[in-house]
Amino acid sequence: MTNSNKPTTLFWIIGVAALIWNGLGVMSYIGQAFMTDEVKAALPETERALYENIPAWVTAAFAIAVFAGLLGSIFLLARKKAARFVFLISLIAILAQMSYSLFMSKAAEVYGPGGVIMPVMVILIGVFLLMYSKKAIEKGWLS
């Protein structure tokens, strides 16, 4: 007998990639949230100004986005339906954070094209993980 609810190898690859991606996001958040004055002082003036002027709500959105993304990835690998809801929370926080990066800060001026490419890529990955978890539920891979 075969189990039709058995995830594919691609499911596991995507799950592990999501876990790594969101783990790197958590590391990035921690690096930014706990950046010392010495590290900030070593940055170019324009970058330092960006970091020093990030509103608290953007930092909170960043934290929610990456920790929810990491939890969603864990749920995905554990084959739990909660992954979809947690990825939704992550995506909402991503959209809040990236709206600041793309439209309210001078990140594009400071970082050039990378100041736009990375936020767009983060949004696309967030949308993909939400849609993929929905597909995994429909296929019966998550319970």
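**From a buried serine to the largest pocket**

Ser 90 lies in helix H5 of this predicted model, and that position offers a convenient place to enter the fold. Because its relative accessible area is 4%, Ser 90 counts as buried, the cut-off for that term being under 20%. When its neighbours within four places in sequence are left aside, Ser 90 is in contact with Ala 65, Ala 68 and Gly 69.

From H5 the view can pass to helix H7, which covers residues 114-138 and, with 25 residues, reaches 36 Å from its first C-alpha to its last, close to the 36 Å expected at 1.5 Å a residue. The buried residues of H7 are Gly 115, Pro 119, Val 122, Ile 123, Gly 126, Leu 129, Leu 130, Tyr 132, Ser 133 and Ala 136. An α-helix has 3.6 residues a turn, so residues three or four places apart point the same way. The partners against which the buried residues of H7 pack are helix H1 (9-33), helix H4 (56-77), helix H5 (82-104) and helix H6 (107-111). After H7 comes Gly 140, whose phi is positive, near 80°.

The largest pocket holds about 800 Å³ of space. Its lining comprises 33 residues, of which Ser 28, Phe 62, Gln 97, Met 98 and Met 118 are the closest to its centre. Two or more lining residues come from each of H1, helix H3 (45-52), H4, H5, H6 and H7. In character, the lining of the largest pocket divides into 21 nonpolar and twelve polar residues, with no charged residue among them.

How values were computed. Residues numbered from 1 in each chain as written. Predicted model: local features only at pLDDT ≥ 70, side-chain atom pairs only at ≥ 80, totals over all residues. Heavy atoms only, no water. Helix = DSSP H or I, 4+ residues; strand = E, 2+ residues; numbered from the N terminus. Expected span 1.5 Å × (residues − 1). Buried < 20%, exposed > 50% of the residue type's maximum accessible area, 1.4 Å probe, protein only. Contact = heavy atoms within 4.5 Å. 1 Å grid on protein atoms, 1.4 Å probe; cavity = no way out; pocket = protein on both sides within 12 Å on 5 of 7 lines; lining within 4 Å. Points joined across faces, edges and corners; volume = space filled by probe spheres on them. Nonpolar A, V, L, I, M, F, W, Y, C, P; charged D, E, K, R; others polar.
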